[in-house]
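Subject: The structure I promised you

Hi,

Here is the structure we talked about, with the sequence alongside. Have a look at it first, then read on.

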Amino acid sequence: MSEKTRLAKYLAHAGVCSRKQASRLIDEGVVSVNNRPANHIDHVDDNDDIRVNSTRIQGKAARVYYAYHKPVGIDCKLNQHDPSSLIHHLPTNTRVYPIGRLDKDSRGLLILTNDGEFCNQLIHPDFHQPKRYLVTVDKPLDDDFCQKMAQGVPVNKQITLPCTVEKIADCQFSIILKQGLNRQIRKMAHYCGYTVIDLYREQISDLNLATLNLPENSYLKINKSDILKN
């Protein structure tokens, strides 16, 4: 990069994390520029000494994409000191991070990448990329459950956006979201009087885990076009 770039954007282009996550790292004080604590208004290029947790970051990394089949018990927070962290299960040949998250008790498809701009394209609500989940609850669904969930319910002091919900068994439904609030499906189900006992993310945009034949806790290198065809 020959022109100075805002620090968060530089970190995203270098494959460290998304811009949003880069801002968090700056707030946490783990980013330095030229041997001083970084701030959000820093503009940098490859001639600057930029470090994250004391590791020097330089240049634009080649873009890579992986599908990962997350099992229950893996925490998507990248914490080196947590034995349950996803960081211990990532490819070791290049730095990648998950697009979006699944909570520790959930399982299914994660996309791993170092492409910060593409990450924003998938998770930002303006782009409306769908994610499909299969959900099992603790008791049979009543007649109006799907309609209530689809119309939107209160979560985190807001009404969830309309979504697609379909009953597929007495205690199981599928849901397609274009929104990503914290533990959204669990909170939606709880509002309707149900407890989620299994949550499986099957699909993100055009990428379906069922077609990959990918065992739990395994990852597979894929192409960007496998995820988003248009």
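Below is what turned up, starting with the domains and ending with the strands.

One thing to keep in mind from the start: this is a predicted model.

**The domains**

The protein is split into domain 1 (5-56), domain 2 (65-124 + 207-226) and domain 3 (130-204). Notice that domain 2 is written as two stretches, 65-124 and 207-226, so to speak of its residues you have to pick out both.

**Where domain 2 meets domain 3**

The centres of these two domains, taken over C-alpha atoms, are 22 Å apart. On the domain 2 side, 16 residues make contact, and they touch 10 residues of domain 3.

People often describe how big an interface is by the accessible area that is lost when the parts come together. For domain 2 and domain 3 the buried area is about 1200 Å², and carbon and sulfur atoms give 40% of that. Which three residues of domain 2 supply more of its buried area against domain 3 than any other three? They are Asp103, Arg107 and Leu109, with 36% of the area that domain 2 buries there.

There are charged pairs here too: three salt bridges cross the interface of domain 2 and domain 3. Asp103 turns up again in a salt bridge with Arg183, where the closest N and O atoms are 3.5 Å apart. Polar contacts across the interface come to 10 residue pairs.

Which elements give two or more residues to the side of domain 2 that touches domain 3? They are β9 (107-113) and β16 (207-208). Of the elements, β9 gives the most, with five residues. Sorted by class, that side of domain 2 has eight nonpolar, four polar and four charged residues.

**A sheet of four strands**

Next, find the open sheet with the order β3-β2-β5-β6, where the pairing is antiparallel. β3 (36-37) and β6 (55-57) are at the edges with a single partner strand each, so one side of each has no neighbour in the sheet. In the middle of that order, β2 (residues 31-33) and β5 (residues 50-52) pair in the antiparallel sense over three bridges. One pair to click on is Val31 with its bridge partner Val52 in β5.

**Strands around β14**

β14 (residues 172-177) is worth a look. Strand β10 (residues 131-137) pairs with β14 in the antiparallel sense over six bridges, and Thr136 stands opposite Gln172.

β14 also pairs with β13 (residues 164-169), which runs antiparallel to it and is joined to it by five bridges. How many residues lie between β13 and β14 in their hairpin? There are two. To follow the pairing by eye, find Glu166 opposite Ser174 in β14, then Thr164, whose bridge partner in β14 is Ile176.

Write back if you get stuck anywhere.

Cheers

Note on methods: Residues numbered from 1 in each chain as written. Predicted model: local features only at pLDDT ≥ 70, side-chain atom pairs only at ≥ 80, totals over all residues. Heavy atoms only, no water. Domains from an automatic or database assignment. Contact = heavy atoms within 4.5 Å. Buried area = accessible area lost by both parts, 1.4 Å probe. Salt bridge = Lys/Arg side-chain N within 4 Å of Asp/Glu carboxyl O. Polar contact = N/O pair within 3.5 Å; in protein donor to acceptor, adjacent residues only side chain to side chain. Nonpolar A, V, L, I, M, F, W, Y, C, P; charged D, E, K, R; others polar. Pairing = 2+ DSSP bridges.
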